[in-house]
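Student: I should like to go through this model and ask, term by term, what justifies each description.

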Amino acid sequence: MEGEGEYKFPTETRYVGDMKDGMFHGKGVLYFPNGSKYEGTWEKGISKQGKYTFSDGLEYQEKDWEFCDGYDRQFYTERCNGLKPAGESQLTDLDPPRVIPDGCYDCGDGFYDPNTRVITDYEHHFLRNADDYEREWIVSTCRKSWDEVVGHSPDN
């Protein structure tokens, strides 16, 4: 592969740009299945300079990163479009949020079914089996399809 072209990985990631001796070489863009992209300048298959843009348009910054810093919990869309009034708060950056299948969790790149320990993409195609570490992280961190009552319990 030499010159300008497009290469599609088995993961559905696409590279569009310059190639030399079968490697990324020159300017090119990696397009990821989730809608994000990495634009870079490559030398013999190695990125020498570039920038990553999330699927919602937020550009990653290595220095002076002010997003997800522990002090500001706003989603990027809230930073762009403003906060909603009390009682209408966003649950995810995607508004309205995805509907999660019964008994499952939204783990960021798809749905996790705790009964089968399988993660599928948002179109319900198999992605992977969750190991113990990932299962624990999903169950303790991610949004689930059901509501649980939390708060004060007079019996405790």
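Tutor: This is a predicted model. Its chain is assigned two domains, domain 1 (3-53) and domain 2 (98-142). The C-alpha centres of domain 1 and domain 2 lie 29 Å apart.

Student: Where is Glu59 placed?

Tutor: Glu59 belongs to the loop between β5 (46-53) and α1 (76-81). Its C-alpha atom is separated by 31 Å from that of Pro101, 42 residues apart along the chain.

Student: Why does Glu59 count as partly exposed?

Tutor: Buried requires under 20% relative accessible area and exposed requires over 50%. Glu59 has 39% relative accessibility, so Glu59 counts as partly exposed.

Student: Which residues is Glu59 in contact with, leaving aside its neighbours within four places in sequence?

Tutor: They are Lys51, Tyr52, Thr53 and Trp65.

Student: What makes the link between the side chains of Glu59 and Lys51 a polar contact?

Tutor: The cut-off for such a pair of N or O atoms is 3.5 Å. The side chains of Glu59 and Lys51 are joined at 3.0 Å, so the distance satisfies that limit.

Student: How many aromatic pairs does a search of the whole structure find?

Tutor: The search finds 11 aromatic pairs. One of them, formed by Tyr15 and Phe24, is stacked.

Student: How do you know that the pair of Tyr15 and Phe24 is stacked?

Tutor: Ring centres must lie within 6.5 Å, and planes under 30 degrees apart count as stacked. Tyr15 and Phe24 show 3.6 Å centre to centre and 10° between the planes, so both conditions are met.

Student: Are Tyr15 and Phe24 buried or exposed?

Tutor: With the limit for buried at under 20%, Tyr15 at 0% relative accessibility counts as buried, and Phe24 at 14% is buried as well. Tyr15 and Phe24 also belong to one aromatic cluster with Tyr7, Phe9, Tyr38 and Trp42.

Student: Why is the pair of Tyr105 and Trp146 called edge-to-face?

Tutor: The ring centres are 5.2 Å apart and the planes stand at 75°. Planes over 60 degrees apart count as edge-to-face, so the term applies. Tyr105 lies in strand β6 (residues 105-106) and Trp146 in the segment after β10 (143-144), so the pair ties together parts that are 41 residues apart in sequence.

Student: Which term of accessibility applies to Tyr105, and which to Trp146?

Tutor: Tyr105 has a relative accessible area of 7% and is therefore buried. Trp146, with 31%, falls between the two limits and is therefore partly exposed.

Definitions and conventions: Residues are numbered from 1 along each chain as its sequence is written. This is a predicted model: local features need pLDDT of at least 70, side-chain atom pairs count only at pLDDT 80 or more; totals for chains, interfaces and linings use all residues. Side-chain values use heavy atoms; hydrogens and water are left out. Domain bounds come from an automatic or database domain assignment. Helices (H or I, at least four residues) and strands (E, at least two) are DSSP runs, numbered from the N terminus. Buried means under 20% relative accessible area, exposed over 50%, partly exposed in between (1.4 Å probe, protein chains only). Contact means heavy atoms within 4.5 Å. A polar contact is a pair of N or O atoms within 3.5 Å; within protein, one must be able to donate a hydrogen and the other to accept it, and residues adjacent in sequence count only if both atoms are side-chain atoms. Rings of Phe, Tyr and Trp (its six-membered ring) pair if their centres lie within 6.5 Å; planes under 30 degrees apart count as stacked, over 60 as edge-to-face and the rest as tilted.
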